[in-house]
Amino acid sequence: MEFKISRELIQELELLIQDNKEQDVLHLLQDMHYADVAEIMEELSDEHAIYVFNTLDSEKTAEILLELDDETRVKILKSLTAAEIADELDELDTDDAADIIAELPQAKKEQVISELEDVEHAKDIVDLLRYDEDSAGGLMAKELVKVNENWNVLTCVKEMRAQAENVTRVHSIYVVDDENRLKGRLSLKDLLTTSTKTPISEVYIPKVDYVKVDTENVEVARIMQKYDLEAIPVIDELGRLVGRITIDDIVDVIKEEADKDYQLAAGISQDVEADDSILELTKARLPWLVLALLGSFIAVTIASNFQEAINKFPVIFFFTPLIAAMAGNVGVQSSAIIVQGLANNTISGSLFNRLIKELSLSLLNGLILAVILILGSHFIIGVDYEVGVTVAVSLVAVIIIAALVGTFIPIMLNRFGIDPALATGPFITTSNDIFGILIYFTIAKVILGF
């Protein structure tokens, strides 16, 4: 069951810290999960958070560092010497250690690396730092279990025992040749049920999913999600096994990508959080708000050109928000489905066929809504059938155009290497508002004859 942090617990901890009761602080926190301790530290003042961190042992604080939000972690790291940071990193897997070192200033980064006691650990971390953080190389850890295809089962078991000491969790056993090229994977069941003298080359499974060091992190996530993998090996340009990526790292990637897409869809152009400064939040929100304002100006300008129609049939003016709202909603619906399909790699077939399908769907929805509109506007509001039909025809046309735009734009953005999530935000809403108003008044002019 998830641990819930109460205000009373925070207050109790703060009193213990103020009275400098280290043993009581340690007793209160020592049995808690490191993720819960990190959450508690984020609720404390900087001084108290640092106090808690220094009170706990490095085996636990190393994991706490990974769970802290970026702002709190930076403050903790600033309070530590290079040697103290190195002690923390010695407790972590290479991928996590590399992530923390990457956040340090260059000068301190070099000092920390020089303070690492385990030379091999330090070499692995330095190797990981050269990869782009959004690539498989930037995600992978060096810790893994591998065996040579030329070994027999007995030798394999002995080597695995030695390697497993440095691996937090053994997800898979990989098979390599003398050049360290990935050949396949080894089933633990086959290993246990096979004679100790049997060569591994006769036992291992040659089919294995893998990614290359330069594979984008979102592609790694897609592959692991598709094949339900808990871990996936990473190879270099020569096919040599250089690391593995585990599911916990991929969960973080999926969450970050979802957060980014959600913010883009909401019209937020930068990665921000609720606790960020007013200036940062303004910079993230203002560009799309300006775009929405410009779009509204265009819509107002279009409507002003039909002043005569509004004077002659003032009732059509009151349907303007309905048309604009339906255009925006349909466009967002269509684009959201396409963006989701592109993200999951489930969009197949030609663009033409996709547009034809969307045309049929929007036509059906539009006709149903048009009938409801005609009847509702006549019996509830008392609008003439002529005006009701005018609005209904406009609604069908607007729905069709909005659906086609919502389908076409994200697909084209994706083809040009632009994040299609951009299409589900104010971009689609604003453009469809403009098209909606233009189509509405144009059709009204044709049918009502003004």
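Reader: In what order do the 3 strands of the open sheet stand, and what is their pairing?

Author: A sheet is read by following which strand sits beside which. In this predicted model, the order is β1-β2-β3, and the pairing is mixed.

Reader: Which are the edge strands of that sheet?

Author: An edge strand is recognised by its pairing on one side only. Here that description applies to β1, spanning 145-148, and to β3, spanning 182-186. On average, and with direction ignored, neighbouring strands of the sheet are turned by 35° against each other.

Reader: How many bridges join β2 to β3, and how do these strands run?

Author: Strand β2 covers residues 173-176 and is joined to β3 by 4 bridges, the two running antiparallel. To place one such bridge in the view, find Val 175, whose partner in β3 is Gly 184.

Reader: Which helix lies across β1, β2 and β3?

Author: The placement of a helix on a sheet is described by the strands it crosses and by an angle to one of them. The helix here is α12, residues 153-164, and it runs at about 155° to β1.

Reader: I should like to turn to the interior. How many residues has the largest nonpolar core, and which of them have the most contacts inside it?

Author: A nonpolar core is made of buried residues joined through side-chain atoms within 4.5 Å. The largest one in this model has 57 residues, and Met 41, Val 52, Leu 89 and Ile 245 have the most contacts inside it. Helix α1, residues 7-18, gives the most to this core, namely 5 residues. Apart from this core lies another, of 35 residues, which includes Val 330, Val 387, Ala 392 and Leu 448.

Reader: Which residues does Val 52 touch?

Author: Leaving aside residues up to four places away in sequence, Val 52 touches Leu 13, Ile 17, Leu 29, Val 37, Met 41 and Leu 44. Met 41 thus appears twice in our reading: as a partner of Val 52, and among the residues with the most contacts in the core.

Reader: Finally, what radius of gyration has the chain, and what would a compact globule of 450 residues have?

Author: The overall form is read by setting the chain against a reference. The chain has 30 Å, whereas a compact globule of 450 residues would have a value near 22 Å. Along the principal axes, the C-alpha atoms fill a box of roughly 90 × 65 × 40 Å. Of the 450 residues, 44% count as buried. The secondary structure comes to 21 helices and 6 strands.

Key. Residues numbered from 1 in each chain as written. Predicted model: local features only at pLDDT ≥ 70, side-chain atom pairs only at ≥ 80, totals over all residues. Heavy atoms only, no water. Pairing = 2+ DSSP bridges. Axes fitted to C-alpha atoms, helices over the stretch in contact; angles between N-to-C directions. Contact = heavy atoms within 4.5 Å. Buried < 20%, exposed > 50% of the residue type's maximum accessible area, 1.4 Å probe, protein only. Rg over C-alpha atoms; globule rule 2.2 N^0.38 Å.
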